[in-house]
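Okay, thanks everyone for coming. I'll keep this informal and walk through a few spots in the fold, so have the structure up on your screens while I talk.

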Amino acid sequence: MPAEPAVLHFNDCAFVALNLVRAARRAGLQWGYVPPAKVRPARTPGGGLDRLRYLPFVARRARALRRADVVHVHYGTSVRLIRERLMPRRPYLLHLHGTDIREQASDPRYRDEIARAIDGAEQVYYTNLDTAERARAARPDAEYMPAFVDLTALPLWTPGARRVVFASRWSAVKGAPVMLELAARLRQLLPADVCLQGLNWGEAAGAAAAVGVDLLPRATHARYLETLAGADVVVGQANTVLGVSEHEAMALGVPLVVPSDVMTHPDGGRPPVLAGTVEESVEHVLEALRDPAGLSSRLGAPAWVAEHYTADPYVGRLQELYRRAAGTAG
């Protein structure tokens with residue numbers, strides 16, 4: 001039997017690559033991983049000597065590619081980094097993570113680059129249900145693979161603190177106007193001992209503070225999960241799709257209120273969340289505060305997330321694709 005190919009996951013978004021690498025390790029496979037901080041500098045180097053800051057990243061990429069037989073690239077504009085001059089050529093799979101296919105694929109500044117990245121990939125995946133039409137128009141064989149929740153990293157849910165947590169940043173893309181309207185209504189109706197919390201993140205964060213949301217500084221992912229785990233109810237983004245933060249809250253068992261309609265999952269039907277208008281969401285929050293544990297039990301969200309949003313089921317089929325891409329399929 002031929003040896004398994006050396007696999008490299010290059011870059012990451014929403015910890016999709018990291019979760020896949022960890023799941024592969026549980027299956028006895030050792031996939032490589034270059035996280036975003038190691039892919040390129042946080043600030044684009046300027047001219048002159050400042051360009052020297054870029055060299056360690058170039059050298060690191062070249063070393064990682066030399067050790068790999070196949071590369072799984074995360075985010076469309078990352079492909080050019082493995083195709084730069086002097087980089088060893090390797091077959092690659094591409095994961096589209098949202099903005100790349102949702103916005104940049106039609107932006108004249110990025111359109112050709114994204115199209116080349118998609119066309120050159122052995123296989124293309126997209127992580128957001130609302131980008132399915134765009135992804136399949138660009139690549140008819142594109143497949144859905146969700147962003148994952150790492151169930152092993154979740155803290156224990158501890159309801160009872162009388163706390164409502166807004167999970168997403170206060171940005172238009174997350175439905176900030178609707179979230180602000182809901183926050184204002186809740187602050188008017190709820191007693192003072194119920195705390196409204198959210199992240200100090202997004203262009204509308206100041207407006208959230210003005211309507212009575214206690215803003216928390218951005219922190220580590222582990223600290224963020226602890227914040228979710230301390231909520232009686234979590235309010236998700238006002239969108240038709242759920243993000244990783246929403247799925248993490250569901251996996252913890254916290255009742256999730258979504259002030260929007262929600263798309264059905266391709267295999268799992270309607271997500272077990274409390275979706276609806278702002279007024280309906282107010283009632284859902286009140287219901288959750290009265291009996292968070294009982295409502296959580298009725299929703300059954302942790303089991304649903306475990307079935308549909310964990311990385312382990314994807315390892316075997318990915319490994320088969322990696323074998324074929326690397327030319328080692330037996």
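Let's start with Tyr75, which sits in the loop between β3 and α4 (79-82). Bear in mind that this is a predicted model. Now, what is odd about the phi of Tyr75? Phi there comes out near 90°, so we have a positive value in a residue other than glycine. Tyr75 counts as buried too, because its relative accessibility is 16% and the cut-off is under 20%.

There's a second case like that, Arg162. Its phi is near 60°, again a positive value in a residue that isn't glycine. You'll find Arg162 in the loop between β6 (143-144) and β7 (163-166). Buried or partly exposed, where does Arg162 fall? At a relative accessible area of 30%, Arg162 is partly exposed.

Back to Tyr75 for a second, since it leads us to a histidine. Tyr75 is on the contact list of His97. His97 belongs to the loop between β4 (92-96) and α5 (99-102). With a relative accessible area of 13%, His97 is buried. Which residues does His97 touch, once we skip the neighbours within four places in sequence? Those are Cys13, Val16, His74, Tyr75, Thr127 and Asn128. And with His74 there's a polar contact, side chain to side chain, at 3.0 Å.

Val16, from that same list, takes us into α1, where Val16 is one of the buried residues. So let's look at that helix. How many residues of α1 are buried? It's 8 of the 11, so α1 is largely enclosed by the rest of the structure. Going along the helix, the buried ones are Val16, Ala17, Leu18, Asn19, Leu20, Val21, Ala23 and Ala24. What do they pack against? Four strands, namely β1, β2, β3 and β4, plus helix α15. After α1 comes Gly28, with a positive phi near 85°.

Now the partner, α15. It covers residues 312-326, which is 15 residues, and from first C-alpha to last it reaches 22 Å, close to the 21 Å expected at 1.5 Å a residue. The buried positions in α15 are Tyr314, Val315, Leu318, Gln319, Leu321, Tyr322 and Ala325. Those buried residues pack against α1 (16-26), and also against the strands β1 (7-10), β3 (70-74), β4 and β5 (124-126). Just after α15 there's a glycine with positive phi, Gly327, at about 75°.

So how do α1 and α15 sit against each other? When two helices pack, we describe them by the angle between their axes and the distance between those axes. For α1 and α15, the angle is about 85° and the axes are 9 Å apart. That angle is why we call α1 and α15 roughly perpendicular to each other. By class, the contact has 6 nonpolar residues, 2 charged ones and no polar ones. On the α1 side we have Leu20, Ala23, Ala24 and Arg26, and they meet Asp312, Tyr314, Val315 and Leu318 of α15.

One more residue belongs to this corner, and that's Leu29, in the loop between α1 and β2 (32-34). Leu29 counts as buried, at 17% relative accessibility. Neighbours within four places aside, Leu29 is in contact with Glu4, Ala24, Val315 and Gln319. Take Gln319: in sequence, Leu29 and Gln319 are 290 residues apart, yet C-alpha to C-alpha they're 9.1 Å apart in space.

For another helix pair, flip over to α12 (residues 278-290) and α13 (residues 292-299). Their axes come within 5 Å and cross at roughly 110°. That makes this pair roughly perpendicular as well. The residues that meet are Glu287, Ala288, Leu289 and Arg290 from α12, with Pro292, Leu295 and Arg298 from α13. By class, that contact comes to 4 nonpolar, 3 charged and no polar residues.

Last stop is another histidine, His265, in the loop between β11 (256-258) and β12 (274-275). Buried or exposed? His265 is buried, at 6% relative accessibility. Its contacts, leaving out neighbours within four places in sequence, are Leu129, Tyr144, Trp304, His308 and Tyr309.

That's my tour, and I'm happy to take questions.

Note on methods:
Residues are numbered from 1 along each chain as its sequence is written. This is a predicted model: local features need pLDDT of at least 70, side-chain atom pairs count only at pLDDT 80 or more; totals for chains, interfaces and linings use all residues. Side-chain values use heavy atoms; hydrogens and water are left out. Helices (H or I, at least four residues) and strands (E, at least two) are DSSP runs, numbered from the N terminus. Buried means under 20% relative accessible area, exposed over 50%, partly exposed in between (1.4 Å probe, protein chains only). A polar contact is a pair of N or O atoms within 3.5 Å; within protein, one must be able to donate a hydrogen and the other to accept it, and residues adjacent in sequence count only if both atoms are side-chain atoms. Contact means heavy atoms within 4.5 Å. The expected span of a helix is 1.5 Å times one less than its number of residues. Axes are lines fitted to C-alpha atoms, for helices over the stretch in contact, and angles run from 0 to 180 degrees between N-to-C directions. Angles under 35 degrees count as roughly parallel, over 145 as roughly antiparallel, 65 to 115 as roughly perpendicular and the rest as oblique. Ala, Val, Leu, Ile, Met, Phe, Trp, Tyr, Cys and Pro count as nonpolar, Asp, Glu, Lys and Arg as charged, and the others, Gly among them, as polar.
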